[in-house]
Amino acid sequence: MIRNALSIAGSDPSGGAGIQADLKAFAARGVYGMAALTALTAQNTRGVSGVHLVPPGFVADQIKAVFADVRVDAVKIGMIASAEIADAVADVLQLHPDIPIVLDPVMVAKGGARLLDPSAVDVLLRRLLPLATLLTPNLPEAAALLRIDVAKSRREMGEQAEALRALGPAAVLVKGGHLGGDESPDVLATEDGLTWFEAVRIPTANTHGTGCTLSSALAAELANGVALPRAVAAAKTYLAGAVAAADTLDVGSGHGPVQHFHALWTTEEGYAK
């Protein structure tokens, strides 16, 4: 049986991040993807030039419509944008406590544009974190949620992962891509302690949508019933392949997208046409 995953996030018309990246990752990881939009953005690989929020009540109506008709096996939450939207999403999802939820706290776009109103952070912490099966912040997002300095070492990463888990999510994956050096480690905090996932940094500028892609791949793994540590390992392996093949795409002149279908669109050389 093919599982179903729902993304609640904003739209990226250039296709590299947001809902578009989520649906691509769902498809690549073998689940049926659905989407409830929280915001429309005007953006491309060079940055975000505008954001238009969907009314909170209509965000809730989209999610309710899906749940009223379709079995939902996992939910991914991305761009929430405002406190009112965060409240609306929480009101609906708290009615479905047994469904795995991956929460990617999208706060700032890669080009620097703010995608979460500062007033929404408190609602995110109070309403959505306790609903999350897995929280997936990068280092700046982890620091912003904790209101402390950005981690600069593995020790600080581990401490921040545990501090975030104490705020309510069942597990926290702090992504170490902003650390310096040739390595890009992530750390998973669960009730059993810390687990490290190692990765070599891939030299490419085409990393648009990596956070969206990873969190969606994680939601797909959880929808398929994969245990959390194995889900993280599988999602990271998938993302590494997508980043490694990103330069085979020719999309935009800024931070290009990753190649979500690197394992499907192949030539004799093993890369996309």
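1. Start with one pair of residues: I8 stands opposite I77 in β4. The model is predicted. I8 and I77 are a way into the sheet, since the strands β1 and β4 pair in the parallel sense over 4 bridges.

2. Now look at the other pairing of β4. Strand β5, residues 101-103, pairs with β4 in the parallel sense over 3 bridges. Here V75 stands opposite I101 in β5. The chain gets from β4 to β5 by way of α3, and this β-α-β crossover is right-handed.

3. Is β4 covered on its faces, or open? Both faces are covered. A74 and K76 are buried on one side. V75 and I77 are buried on the other. Note the lysine: K76 is among the buried residues of this strand.

4. Next, helix α2. This helix spans residues 56-69, 14 residues in total. From its first C-alpha to its last it reaches 21 Å, close to the 20 Å expected at 1.5 Å a residue. Its buried residues are V59, A60, Q62, I63, V66 and F67. These lie on the same side of α2, because they cover an arc of only 155° around the axis.

5. What covers that buried side of α2? The cover includes the strands β1 (4-11), β2 (32-44) and β4 (74-77), and also the helix α3 (83-93). The face turned away from the buried side carries A68 and D69, which are exposed.

6. Helix α3 is mostly covered, with 8 of its 11 residues buried. They are A83, I85, A86, A88, V89, A90, V92 and L93. Keep V89 and L93 in mind for the next point.

7. The largest nonpolar core has 53 residues. Which of them touch the most other members? They are L6, I63, V75, I77, V89, L93 and L128. Helix α3 gives the most to this core, with 8 residues. Another core lies apart from it, with 28 residues, among them V31, V102, A219 and L239. In soluble globular proteins, nonpolar side chains tend to be buried together.

8. Take L6 as a worked case. Set aside its neighbours within four places in sequence. L6 is then in contact with F26, M34, A35 and A36, among others. Its contacts also include I63, V66 and F67, which are buried residues of α2. V72 is a further contact of L6. So are A74, V75 and K76, three of the buried residues of β4.

9. L103 makes a second case. This residue sits in strand β5. L103 counts as buried because its relative accessible area is 0%, where the cut-off is under 20%. Beyond its neighbours within four places in sequence, L103 is in contact with I77, L124, L128, L129, A132, L134, L135 and T136. I77 and L128 are also among the core residues that touch the most other members. L103 and L134 are 31 residues apart along the chain, yet their C-alpha atoms are separated by 6.2 Å.

10. Check two backbone angles. A81 has a positive phi of about 80° although it is not a glycine. The place of A81 is in the loop between β4 and α3. Is A81 buried or exposed? At 7% relative accessibility, A81 counts as buried.

11. The second angle belongs to R147. Its phi is positive too, about 60°, and R147 is not a glycine either. R147 is found in the loop between α5 (139-146) and α6 (154-165). R147 counts as exposed, at 54% relative accessibility.

12. P97 lies in the loop between α3 and β5. At 65% relative accessibility, P97 counts as exposed. P97 and R154 are 57 residues apart along the chain, and their C-alpha atoms are separated by 33 Å.

13. Last, a hairpin. Strand β8 (residues 186-190) and strand β9 (residues 193-197) run antiparallel, joined by 5 bridges. The hairpin between β8 and β9 passes through 2 residues. D186 has F197, in β9, as its bridge partner.

Note on methods:
Residues are numbered from 1 along each chain as its sequence is written. This is a predicted model: local features need pLDDT of at least 70, side-chain atom pairs count only at pLDDT 80 or more; totals for chains, interfaces and linings use all residues. Side-chain values use heavy atoms; hydrogens and water are left out. The expected span of a helix is 1.5 Å times one less than its number of residues. Buried means under 20% relative accessible area, exposed over 50%, partly exposed in between (1.4 Å probe, protein chains only). The arc is that of the directions from the helix axis to the C-beta atoms. Contact means heavy atoms within 4.5 Å. A nonpolar core is a set of buried Ala, Val, Leu, Ile, Met, Phe, Trp, Tyr and Cys residues joined through side-chain atoms within 4.5 Å. Two strands pair if DSSP finds at least two bridges between them. A crossover is right-handed if, with the strands pointing away from the viewer, the path from the first strand over the helix to the second runs clockwise.
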